[in-house]
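This report is a short tour for a reader new to the structure. Please look over the chain before reading on.

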Amino acid sequence: MAHAAPTPGPAGSSGQGDVNPGQGNTNPGQGDINPWAASGIIFAGVLLLVDGVLGVIKGITGIATDDVYAHVRNYTFKFDVTSWGWIHLVLGIVLGIVGWGILKGAGWARATGVVLAAISLIVNFIWLPYQPIWAIVSIAIDVFVIWALCTDRSKAVI
């Protein structure tokens, strides 16, 4: 039987991504991938999807009826509840799309995810007097997503 000759590479390497003991991964663009970091990215993608769904639910609720959320008086960032509904609906849809992109390993999705999670964090902070529990849950999700996307160094997740 004939075997294909190994491709040239570092000494003792077959050039196919094998790991030499004590030397780490031999693929130049593929550093050692921490499984905790990769899991954090998967979880961040799922959380962005969940945050997007929550945003869509908040948006639909705000658009459908003005009686669901608290009426806030003398608030600096006071908007009509229907306006808040549209803001949350659009932001929720975009967050869901970016979360899906993160799960698919799209390069654009990480940076976009950090930016949109920061925007969502600010929007939910301003939204805090209207629905404190939902806002705090969304803020916690956004903080974790920003942390996970900023600390990971691995490549594609899925």
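## A term to start with

The bend at a residue is the angle between two fitted axes, one through the seven residues ending there and one through the seven starting there. By that reckoning, helix α3 has a kink of about 25°. The kink is centred on glycine 113.

## The model and its confidence

This is a predicted model. The average pLDDT of the chain is 76. A score of at least 70 is reached by 64% of the residues.

One stretch needs care. Over residues 12-30, pLDDT stays under 50. The model still gives this stretch 23 contacts beyond four places in sequence. Where pLDDT is low, the predicted coordinates should not be read in detail.

## Overall layout

The chain has 158 residues. It holds 4 helices and 2 strands. Along the sequence, the pattern reads β-β-α-α-α-α.

How much of the chain counts as buried? The share is 33% of the residues. The accessible surface of the chain is about 9,400 Å². Carbon and sulfur atoms account for 69% of that surface. Contacts also span the sequence: among those between residues at least 6 apart, 66% join residues at least 24 apart.

## Helix α1 and its distant partners

Helix α1 covers residues 35-64. Isoleucine 42 is found in α1, and so is isoleucine 57. Isoleucine 42 has a relative accessible area of 37%, so it is partly exposed. Isoleucine 57 counts as partly exposed because its relative accessibility is 39%.

Each of these residues can be placed against a partner elsewhere in the chain. Isoleucine 42 and leucine 149 are 107 residues apart along the chain. Their C-alpha atoms are separated by 9.8 Å. Leucine 149 is one of the buried residues of α4. Isoleucine 57 and glycine 92 are 35 residues apart in sequence. In space, they are 8.4 Å apart, C-alpha to C-alpha.

## From α2 into α3

Helix α2 runs over residues 81-104 and has 24 residues. From first C-alpha to last, α2 reaches 34 Å, close to the 34 Å expected at 1.5 Å a residue. Just after α2 comes glycine 105, with a positive phi of about 85°. Helix α3 then covers residues 107-127. It has 21 residues and reaches 30 Å from its first C-alpha to its last, close to the 30 Å expected.

Where does alanine 109 lie? It lies in helix α3. Alanine 109 is buried because its relative accessible area is 0%, under the 20% cut-off. Not counting residues up to four places away in sequence, alanine 109 touches Val98, Gly101 and Ile102. The C-alpha atoms of alanine 109 and glycine 99 are separated by 7.5 Å. Those two residues are 10 apart along the chain.

Other buried residues of α3 include Leu116, Ala117, Ser120, Val123 and Trp127. Gly113 is among the buried residues too, and the kink is centred there.

## Helix α4 and the aromatic cluster

Helix α4 spans residues 132-151. It has 20 residues and reaches 29 Å from its first C-alpha to its last. That is close to the 28 Å expected at 1.5 Å a residue. Its buried residues include Ala135, Ile139, Asp142, Val145 and Ala148.

How many aromatic pairs does a search of the whole structure find? The search finds 3. In one pair, phenylalanine 144 and tryptophan 147 sit 5.6 Å apart, centre to centre. The angle between their planes is 45°, and the pair is tilted. Both residues lie in α4, 3 residues apart, about one turn of the helix. An α-helix has 3.6 residues a turn, so residues three or four places apart point the same way.

Phe43, Phe144 and Trp147 form one aromatic cluster. Is phenylalanine 144 buried or partly exposed? It counts as partly exposed, because its relative accessibility is 25%.

Technical notes. Residues are numbered from 1 along each chain as its sequence is written. This is a predicted model: local features need pLDDT of at least 70, side-chain atom pairs count only at pLDDT 80 or more; totals for chains, interfaces and linings use all residues. Side-chain values use heavy atoms; hydrogens and water are left out. Rings of Phe, Tyr and Trp (its six-membered ring) pair if their centres lie within 6.5 Å; planes under 30 degrees apart count as stacked, over 60 as edge-to-face and the rest as tilted. Buried means under 20% relative accessible area, exposed over 50%, partly exposed in between (1.4 Å probe, protein chains only). Contact means heavy atoms within 4.5 Å. Accessible areas come from the Shrake-Rupley method with a 1.4 Å probe; for residues, only the protein chains shown count as cover. The expected span of a helix is 1.5 Å times one less than its number of residues. pLDDT is the predictor's confidence in each residue, from 0 to 100.
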